[in-house]
Amino acid sequence: RPPLRHRRLTRARRIHPSIYHRVMSLPALAPDVRPRTGWRTIVAAGIAGVVTLCVVIGGGITINGGRNYRQEVRDIAPYASPSDAWSRGAAQQWASTIAADAQVLTTSDHVLSLEDYGTSDTTMTAYAADDDGLTRAWTASLDTSGDTDTGASKETPPTFLLWGENTLIHGTTLYNISTGATGRAPWAENESVVVAGDTAIACDTGDACSAYSEESAKPRWSTTLTDASDGISRAVSRQLTVYQRERDEYAIVGFHAAVNLTTGKEVKLNVPMDGVAGWAIACASDGWLIRATADRRTYRIFTYSASGGDPTGEIKETLSWEDDQMPVYAPAPRKLSRYKALWENSDKSDLPAEYRTDSQDCVEEVDVLPSQATITVPDLTGEKVENSCLKTVRSSPSGRAVTVGPEMTTDLGTFSLMFDGTTGRRIDFAGLDPDDGAVFDQVSGDAVIGYSPADGTLIRYTPAPR
């Protein structure tokens, strides 16, 4: 997944949070203008959550590589959510030092640092990581001068993606994460690429898309996907959630194409509205949803069976948060009936939390619903803090642990602060200080890696013992 620390975004047109930030479980509309960002240091990768260490959100089991079909309905997300165990506090597992002011990417068993990022002379160093610490594995030189935002009109997509179990994508260059060996990607430089687990999908500007596996340069399938190129260009992340439904796996490419990753067959969803100005797809455990608008002021939510086609129903959107309120969804697949219960009947019983923001959409307070605790999010005011406006809230399944992170991490595990959702107290990570610019990555439910760009300190944490 896009493994980088993020500066505050700028947009030609501000997208209201009620449209943009509720994408976790209710489909959001595509932004009119895709955010631009300049990439900087971050422990934000946590790219382990995709395949190398797949967090099985629906069933609470974890797999390392390969496939495990014991759980028939699950969402394999490109990030990890915290487990409830963090409410006990954080304990250091090991500490090390790497280059300061680097960009840091993490997988379940490797840490990669990039020095002099944004130049033609970037050094990437890979370290094997296990329970005992880091071991330097390999070093490579690469050109990242085209990765950074160099002008007001230039938009920079995520430039590093994890593909499958052990491949890092940078443009059209593929890196074997274990050995450092390089190869040429099977797609063209002008194609837009997204990754869904072990499937890389490359689309040209005409929406002609081909899917590839790590093992072969020959496409698994080729087809045309609805509005794929435009949707990819507008999407916040190019590392996609994989939706396993029975023995089929799906991904949503852009905002308008739900595709079977094995066959390339698109699930056609008919929108029964005239003059649709915008629409987006979301996946339920037993079907699909579309949120659509004709005027970008009022919205309709349609529900569909797993096979698509015409809607099977419509959810009357009667629940409304205030403009500064947002829901936090539990990390689990949701049935269509639960969407209906929430948005039509105001049933928040399975929501772990909701939060409020200020006029800049920065998180001010988080209300943990099961415990009725209120978390007041402090300002990060240190001189070395690059992004003091925190906009992403994640929760453990029952709300006992809550993280708050920087912008552009909606589908990543990066955070700056963690809280005990039962008491509202802040959980400290000894040895690293967010006020000194430290950032953290939720590598797995029970593992966090923190990095200080100020001095290169790198620490792995696990939940404190009982």
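These legends accompany close-up views of charged and aromatic side-chain contacts in a predicted model. Residues are numbered from 1 along each chain as its sequence is written, and side-chain values use heavy atoms, with hydrogens and water left out. Because this is a predicted model, local features need pLDDT of at least 70 and side-chain atom pairs count only at pLDDT 80 or more, while totals for chains, interfaces and linings use all residues.

**View 1. A salt bridge joins R291 and E317.** Let us start with one of the 15 salt bridges that the structure holds; the term stands for a side-chain nitrogen of Lys or Arg within 4 Å of a carboxyl oxygen of Asp or Glu. Here the N to O distance between the side chains of R291 and E317 is 2.7 Å. The pair links distant parts of the chain, 26 residues apart: R291 belongs to strand β24 (residues 287–293), and E317 to the loop between β26 (313–315) and β27 (325–328). Helices (H or I, at least four residues) and strands (E, at least two) are DSSP runs, numbered from the N terminus. R291 is buried, at 4% relative accessibility, whereas E317 is partly exposed, at 28%. For these words, buried means under 20% relative accessible area, exposed over 50%, and partly exposed in between (1.4 Å probe, protein chains only).

**View 2. R291 also lies over the face of Y299.** The arginine from the previous view is found 4.3 Å from the ring centre of Y299. A charge sits over a ring if NZ of Lys or CZ of Arg is within 6 Å of the ring centre and within 35 degrees of the ring normal.

**View 3. Helix α3 carries a salt bridge between E344 and K340.** The closest N and O atoms of E344 and K340 are 2.9 Å apart. Both residues lie in helix α3 (residues 336–345), four residues apart, or about one turn of the helix. E344 is partly exposed at 21% relative accessibility, and K340 is partly exposed at 34%.

**View 4. R334, R338, D347 and D350 form a network of salt bridges.** Within this network, take a look at R338 and D347, which are bridged with their closest N and O atoms 3.3 Å apart. R338 has a relative accessible area of 23% and is partly exposed; D347 is partly exposed too, at 25%. R334, another member of the network, has its charged end over the ring of Y339, 5.4 Å from the ring's centre.

**View 5. The rings of F415 and F429 make a tilted pair.** Rings of Phe, Tyr and Trp (its six-membered ring) pair if their centres lie within 6.5 Å; planes under 30 degrees apart count as stacked, over 60 as edge-to-face and the rest as tilted. By this rule there are eleven aromatic pairs. In the one shown here, the centres of F415 and F429 are 5.9 Å apart and the planes stand at 50°, so the pair is tilted. F415 sits in strand β33 (residues 414–415) and F429 in the loop between β35 (426–427) and β36 (439–444), 14 residues apart. F415 is buried at 1% relative accessibility, as is F429 at 6%.

**View 6. F429 and Y461 meet edge-to-face.** Their ring centres are 4.9 Å apart, with 85° between the planes. This pair links the loop between β35 and β36, which holds F429, to strand β38 (residues 457–463), which holds Y461, across 32 residues. Y461 is buried, at 0% relative accessibility. To close the tour, ring pairs link W86, F415, F429, F440 and Y461 into a cluster.
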